[in-house]
Amino acid sequence: MAHPHMVPAVPSPDAALIRAWQGGDEQAAAELVGRHARPLARFLAGAGAPEADVDDLVQETFIRAFRSVDRFRGQCQFRTWLLTIGGNVLKDFGRRAARRKVLPLDDGVRDWAGDPHEHAEASEAEALLVQGLQQLPRLQREVFLLRAQQGLEYEEIATALATTPGAARVHYHHAVRRLKEIVK
Amino acid sequence: MNGDARLENIAKRLGNEAAARLDVEATARKVVARLREQPVRRVTWVQANWLRIAAALVIVVGGAVVASRLPPGRRLGVNTHVAHFVADDLNDLSADDLRDVLATFDQIISSDSVAVPEGSTDLHELDAQQLRAVLRSLEG
């Protein structure tokens with residue numbers, strides 16, 4: 001009889017799909033997009049991506065992920081790894097946008113998310129939160145989103161962001177303290 | 001509802017509209033098409049690294065070939081190596097011993113027993129057989 005707490009060593013569906021993609025199976029790649037595109041879009045939008053660019057940024061994130069998938073060793077969930085790549089894609093996008101608009105950006109993605117009023121369908125609180133997130137350092141912003149929006153554990157966040165669970169917890173609490181001031 | 005819980009509640013809804021608007025199937029198709037159009041960069045990376053390795057090999061092998069073709073007098077490394085051993089041996093000799101060696105050497109050079117190339121006093125220009133003869137003479 002199996003121990004009630006033991007998890008059977010069945011590879012995750014993601015792992016099987018990644019192996020299939022590495023073997024050249026395009027359908028596997030499409031299925032991975034299908035499984036993770038919406039959470040990735042939520043993460044990117046929450047991190048400040050303009051809604052008009054979310055689709056492009058999602059595509060770019062998957063392209064980068066598939067091209068460097070050999071570096072993914074299962075150290076965290078595929079989705080978590082994907083979200084961190086999304087953070088880098090968004091940062092690069094912010095830099096390009098900053099060069100085009102010549103805005104005085106401090107952290108790559110600041111301000112280009114636009115005026116909160118542009119988020120017509122978002123509630124005022126959500127718009128304020130998006131605005132507040134742009135004022136946080138990138139690491140605080142990503143830790144907050146991975147924890148509060150994506151519901152990840154600190155251990156998982158720490159692995160993905162190459163930090164410690166304790167540091168991730170500190171970043172989260174700093175982010176919450178500052179965001180509460182903005183959203184109250 | 002306290003502030004933390006309210007904030008987390010708002011955060012959970014963040015980006016829902018953008019995600020809902022995303023046409024996932026179309027996105028998947030576009031991603032696959034882009035991957036097909038632009039082959040994985042890994043191939044380029046591997047090619048670039050093979051080129052670097054090949055270039056390094058060419059430099060090492062080419063350098064070795066060039067060094068082997070240099071006249072003996074210009075092979076600094078080899079000369080230094082030999083000089084090091086000769087110097088070690090000479091250090092063990094007294095002044096009188098050294099004078100004896102030089103005298104013997106002069107005698108050998110001036111004798112007809114060893115064919116020294118004409119117009120040369122350089123040991124480097126002796127062939128292997130001639131050098132062996134010189135060494136045998138030095139052994140007495």
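Q: How many residues does each of chain A and chain B bring to the contact?
A: This is a predicted model. Two chains meet in it, and each side has its own count. Chain A gives 40 residues and chain B gives 32 residues.

Q: Which three residues of chain A supply the most of the area that chain A buries against chain B?
A: Chain A and chain B bury about 3400 Å² between them, with 60% of it on carbon and sulfur atoms. On the side of chain A, three residues supply 21% of the buried area, more than any other three. They are Arg38(A), Arg67(A) and Glu126(A).

Q: How far apart are the closest N and O atoms of Asp55(A) and Lys30(B)?
A: The interface of chain A and chain B holds six salt bridges. Asp55(A) and Lys30(B) form a salt bridge. Their closest N and O atoms are separated by 2.9 Å.

Q: Which helix gives the most residues to the side of chain A that touches chain B?
A: Across the interface, 15 residue pairs are in polar contact. On chain A, the elements that give two or more residues are helices H2 (26–46), H3 (54–67), H5 (124–134), H6 (138–149) and H8 (165–183). With 11 residues, the one that gives the most is H2(A).

Q: How many nonpolar residues are on the side of chain A that touches chain B?
A: The residues on this side fall into three classes. Five are polar and 12 are charged. The nonpolar ones number 23.

Q: How many of the 14 residues of H3(A) are buried?
A: H3(A) spans 20 Å from its first C-alpha to its last, close to the 20 Å expected at 1.5 Å a residue. Its buried residues include Val54(A), Leu57(A), Phe62(A) and Arg67(A). H3(A) is mostly covered, and the buried count is 10.

Q: Is Gln134(A) buried or exposed?
A: Gln134(A) sits in helix H5 of chain A. Its relative accessible area is 4%. Buried means under 20%. Because 4% falls under that cut-off, Gln134(A) is buried.

Q: Which residue has its backbone oxygen 3.2 Å from a polar atom of the side chain of Gln134(A)?
A: The side chain of Gln134(A) reaches the backbone oxygen of Val130(A) at 3.1 Å. Another backbone oxygen lies 3.2 Å from a polar atom of that side chain. This oxygen belongs to Ala47(A).

Q: What percentage of the residues in chain B is buried?
A: Chain B has seven helices and zero strands. From the N terminus on, its elements run α-α-α-α-α-α-α. Of the 140 residues in chain B, the buried part is 15%.

Key. Residues numbered from 1 in each chain as written. Chains lettered and ligands numbered in written order. Predicted model: local features only at pLDDT ≥ 70, side-chain atom pairs only at ≥ 80, totals over all residues. Heavy atoms only, no water. Contact = heavy atoms within 4.5 Å. Buried area = accessible area lost by both parts, 1.4 Å probe. Salt bridge = Lys/Arg side-chain N within 4 Å of Asp/Glu carboxyl O. Polar contact = N/O pair within 3.5 Å; in protein donor to acceptor, adjacent residues only side chain to side chain. Helix = DSSP H or I, 4+ residues; strand = E, 2+ residues; numbered from the N terminus. Nonpolar A, V, L, I, M, F, W, Y, C, P; charged D, E, K, R; others polar. Expected span 1.5 Å × (residues − 1). Buried < 20%, exposed > 50% of the residue type's maximum accessible area, 1.4 Å probe, protein only.
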